[in-house]
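Q: Got a minute to go through this one with me? I'd like to talk about what's packed inside and how the rings pair up.

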Amino acid sequence: MSIETSIYLDCNASAPLLQTVSDFVRENLHHHGNPSSQHSFGRKLKGMIENARLKIASFFGAQPQEVFFTSTATESNALALLGLPAKHYIVSAVEHSSVLDNIHNFHPKNHTIVPVDHDGLINLQALETALKTAPSPCLLSIMIANNETGALQPMETIIQLAKQYGAWVHTDAVQAAGKVPLNFHDLQVDTMAFCSHKLGSLPGVGVLIMKNNLPFSPLYTGGGHERGVRHGTENALAIAALGKAVDYLNTHNNLSSFEKKRSLRNTMEEELFKQVPDLIIPSKQVHRLPNTSCLCMPSVHNSLQMMNFDLAGIAVSTGSACSSGKVKASHVLLAMGYSEEIAKTAIRVSMTPHTTEKDMRSFANCWLKIYKQHAHKA
Ligand code: PLP
């Protein structure tokens, strides 16, 4: 099965490279030099970076001077969580490891993990108690959309609450960016992180949008790049490519392409439910990203499912892409109250804007085939 004939349903791990970005990179690969150099080579690259900054700022509702380039969203999250001098940190139990692990490792004694309900939404009462009792200044980090279930947090309510208690708010917008409407200033958060490879561009660029005048200290020092927020020579071509991807998202109304996937997703889920009524779909009852579905196949371990999907040429995942390749029970599903046994049966299906009805039919047929072959034998 060649990659060309495979069905890619792992957009939340990384979106397919947009053709326009691929063409742009090919055409611009010859540009070399250092964007900090004063000569024409450097100035050309610097111009490409600043042009991308303008496009990204405009698309995501920020001022250009609020946009900082990093290497990944992991780095952008870390900058926000380690660069602001909070006395206490509050995070939800379903954050990505790039938030949770930094909190555990670097703020082991001054954090609160707020539980979520069975649908994956933050417990607002527990959040308010945490905000009320936290020493000031306090930083709340909350993701907009969960990468595994797609659940969308009630951001307006959460941010209002945080502001009422004077907390800074950081949001991990990695999965929301490009899939649902997202505007930094309207959201009224202080910092926001996302990255290039989930937007159809090259990997290697993270974005941190940060309000002016926050008491931010960089994690290390160097040549003063990105106005001292993130030192080190910028990945100019990849940054420019992200600008190109944002152009595409703008002109092709990417949000509506994702929105159109909602009915494909719902049809697939209903079809599977009809045949396997004890299928569990976490967060199905709440607002979710339109392209995402988390499916727990009764009694079949997800690593066995993954192997079978892969053999059939269908790319799905067991949740967040983990570099160790180990399949652990998802901390997201455990936090939502699912047992380890159920959590280990979960796979994530995340459609791209180009996923077709035929792709989803093939996926559903394959899911049912795996179920019939392996259920209750695992
Ligand atoms: N936050 C969320 C919600 C994610 O899904 C991911 C990646 O999957 C990250 C952060 C980390 O992003 P990056 O791969 O750019 O470090």
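Q: Which residues of helix α4 are buried?
A: Keep in mind that this is a predicted model. In α4, which runs over residues 97-106, the buried ones are Ser-98, Val-99, Leu-100, Asn-102 and Ile-103.

Q: And what covers them?
A: The cover includes two helices, α3 (73-83) and α12 (331-335). It also includes the strands β3 (88-92), β4 (111-114), β5 (138-143) and β6 (168-172).

Q: OK, switching to rings. How many aromatic pairs does the structure hold?
A: Four. One of them is Phe-60 with Phe-194, a tilted pair at 4.3 Å centre to centre with 40° between the planes.

Q: Where do Phe-60 and Phe-194 lie?
A: Phe-60 is in the loop between α2 (40-59) and β2 (67-70), while Phe-194 belongs to strand β7 (residues 191-195), so the pair ties together parts 134 residues apart in sequence.

Q: Is Phe-60 buried or exposed? Same question for Phe-194: buried or exposed?
A: Phe-60 counts as buried because its relative accessibility is 1%. Phe-194 is buried too, at 0%. There's also a cluster here: ring pairs link Phe-59, Phe-60 and Phe-194.

Q: What about Trp-367 and Tyr-371, why is that pair stacked?
A: Their planes are at 10°, with ring centres 5.9 Å apart, so the pair counts as stacked.

Q: Where do those two lie?
A: Both are in helix α14 (residues 357-374), four residues apart, which is about one turn of the helix. Trp-367 is buried at 0% relative accessibility, and Tyr-371 counts as buried at 15%.

Definitions and conventions. Residues are numbered from 1 along each chain as its sequence is written. This is a predicted model: local features need pLDDT of at least 70, side-chain atom pairs count only at pLDDT 80 or more; totals for chains, interfaces and linings use all residues. Side-chain values use heavy atoms; hydrogens and water are left out. Buried means under 20% relative accessible area, exposed over 50%, partly exposed in between (1.4 Å probe, protein chains only). Contact means heavy atoms within 4.5 Å. Rings of Phe, Tyr and Trp (its six-membered ring) pair if their centres lie within 6.5 Å; planes under 30 degrees apart count as stacked, over 60 as edge-to-face and the rest as tilted.
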